[in-house]
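Trainee: Could you pick a single part of this one and walk me through it slowly? After that, I'd like to see a few spots elsewhere in the chain too.

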Amino acid sequence: MRTAHPKNRRKKAFSAFIFVSLMFCILLVQAFRVQILSSDDWTLQADSNRLRPVTVSAPRGTIFDRNGLVMADNIPGYVVNILRDSPEETLEALEGLKPYLELTTERIDELKDRIRLYEPLVVDVDASLEEISTIEERKAQFPGVLIEMVPKRRYMAGEAIAHALGYVGEISTEELENQRYANYDARALVGKTGVELQYEDLLQGRDGVRYLEVDAAGRIVGSMVGIEEDIGDPGQDIQLALDLDLMSWIHKIFPDSLPGAVVALDPEDGGVLALYSAPTFDPNAFVGGLSTSDWLRMQSDPGNPMLNRTIMGLYPPASTWKLAAAAIALDLGVVGPHEVMPIPCTGSMTHGGLERGCWLSTGHGFLDLAGAIANSCNVYFYQLGLRVGLDPLLEAGNRIGFSQQCGIDLPGERNGIFPEGRAFWERRFGYQPLDGEVLSLAIGQGPNSQTPMKMAQFYLALARDGTAPTPHIYRDQVSLTDDWSLELSRESIEQVREGLRAVTEPGGTAHLTGSLEHWEVLGKTGTGQNASSRGQDHAWFAGMMGPWGQEPEIVVVVLVEFGESGSSIAAPIAVKTADYYLRKKYGMAVDSIQTLAEHLESGREARWARW
């Protein structure tokens, strides 16, 4: 048997050595690349398999009233999340939680649409302590279920402040596509209405992040030690011009069976002291999220509790607008303050072949401007409107701004409705208006609808020097200029005020219901025609109040839908609002018996009354 030559064996052995050495070098290079050069990549991949990022919710800024009282803050709340590696596992965990969180089939279907790979699914943003305890006792049954303690929004006065502050809710798909929410994630809570929406950019903090460690089965082991957490930044605290106690008082005295609105302004700077709309809602109910059925039920409520009537409701201003007609007439010089109209009020007046009535069928006789305001005489203002003329009245009304918003720092304010010219009638009603249209406009009827806030801005100008800043909710939003001007002299303003003062004096339309012991009340009642199916007229009262013989310190406008009588329904709410505010301001005890009518009804002596 022949064997290989020794020389050939050495050659083969050398070749094998070279091959083995080459393979070994390749293995060394690969090991160096994996363990040294690419170690960070592999570490990251390993970490991603065992770490789950979780958002750390930043608390929203606290909202304070003008006196430093908390209107909205944050308390500890509980959020239930599911963190699983696949949609199938997430759905399985969701079904398992169903009986413990009382999840409806409707809610389950909503959550199914939100399942995303490798993203936490927020199941409940406001779980109760009892629900949390039940889940924690069965923690082994729910791998991947994470319970977080997060800041939960709380509104201190609930229904009293609902339309002013608004509420927060889960961010919607449409909002996520808005540039304003470019840096928000899908689980964020954002302001939906009111101050919460208007100042979202200030109130919303910056969320942080922390990491959870999971095992091979996807069970949460705990927080990952050694990895720095980002705790985020809390939202900015803000202080409003609102008075929390005053708004709570208004909520207490407003008739619970009628819709309406109350606006109170500070004549000094236009700050909104109170903004109340009825019927109202509890913003705390939205914190945990409303179901679709609950939301639809609220939206279909005939009382429309979500409508902020102070800035969105449009109503014929009725006799409260007679002051605007008077101001325009004085500005144009077509009437003197003590001038008596040639046609006395006998209960009606005929013009253009049509008889126009006054609210008092027996008539008011001959009146000057102050007397016409005090008695709210339609016949006087019919003649006043004819003297001004349709076109000048339209021009002045638009110059003053009755077809515009007042510009308050709240979302959703509506423009007033006021004809920009004769073309308005052609466009809206299909006919050429006659000069007689001015009769309806002069008494606050016809195509003239205003928000309570707009009328409050007008009376704010009367309470000052004929100019008014833009009403503001946020204290730092004070207007540096007087944005509204009636262009009236001080003498003309005093003449108008004389008429307003007479409204609550003996013989005035609101003597009993609008008189207060400690404060002078200058105001105007109004009864706005209502063309709706319900038919009952709307009740108005607009006025200003302050210490006797001094400048007004509060402006109040009240609108009560279907209230029918401004003197009996709206006036008491307005003056009781002012009385509460001024008593508190001057350190006086608050009394529930406030108006002269209430003193008489209760049998309490009223030596201060004027007869």
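Mentor: Sure, let's zoom in on helix 15: its buried residues are N378, V379, Y380, F381, Y382, Q383, L384, G385 and V388. That makes 9 buried out of the 11 residues in the helix, which runs over 378–388, and this is a mostly covered piece. "Buried" is under 20% relative accessible area, "exposed" is over 50%, and "partly exposed" is in between (1.4 Å probe, protein chains only). Helices (H or I, at least four residues) and strands (E, at least two) are DSSP runs, numbered from the N terminus.

Before we go on, keep in mind that this is a predicted model: local features need pLDDT of at least 70, side-chain atom pairs count only at pLDDT 80 or more, and totals for chains, interfaces and linings use all residues. Residues are numbered from 1 along each chain as its sequence is written, and side-chain values use heavy atoms, with hydrogens and water left out.

So what sits over helix 15? The cover on its buried residues includes helix 13 (322–332), helix 14 (369–375), helix 16 (390–400) and helix 18 (437–442). Strand 13 (348–351) and strand 14 (354–357) also belong to that cover. Contact here means heavy atoms within 4.5 Å. Just past the end of helix 15 you'll find G389, whose phi is positive, about 95°.

Now for some cysteines. C377 is buried, at 1% relative accessibility, and C406 is buried too, at 5%. The closest cysteine sulfur to that of C377 belongs to C345, 3.6 Å away, which is too far for a bond. The structure has 0 disulfides, a disulfide being a pair of cysteine sulfur atoms within 2.5 Å.

Next, have a look at R497. You'll find R497 in helix 20, which spans 490–503, and R497 is buried with a relative accessible area of 3%. Leaving out residues up to four places away in sequence, R497 touches L462, A463, R464, R490, L522, M544, E551 and P552. One of these, A463, has its backbone oxygen 2.9 Å from a polar atom of the R497 side chain. Another, E551, pairs with R497 in a salt bridge, at 3.3 Å from N to O. That pair links distant parts of the chain, 54 residues apart: E551 is in the loop between strand 18 (538–547) and strand 19 (554–560), and R497 is in helix 20. Unlike buried R497, E551 is partly exposed, with a relative accessible area of 39%. For the rule, a salt bridge is a side-chain nitrogen of Lys or Arg within 4 Å of a carboxyl oxygen of Asp or Glu.

By that rule, the count is 29 salt bridges. Take E175 and K192, whose closest N and O atoms are 2.8 Å apart. E175 lies in helix 7 (173–176) and K192 in the loop between strand 7 (189–191) and helix 8 (194–198), so this pair ties together parts 17 residues apart in sequence. E175 counts as buried, at 16% relative accessibility.

E598 and K576 make another such bridge, at 2.9 Å from N to O. Here E598 belongs to helix 23 (596–602) and K576 to helix 22 (566–585), so the pair ties together parts 22 residues apart in sequence. Both E598 and K576 are buried. Elsewhere, salt bridges that share partners join R60, R153, E196 and E200 into one network.

Technical notes. Polar contact = N/O pair within 3.5 Å; in protein donor to acceptor, adjacent residues only side chain to side chain.
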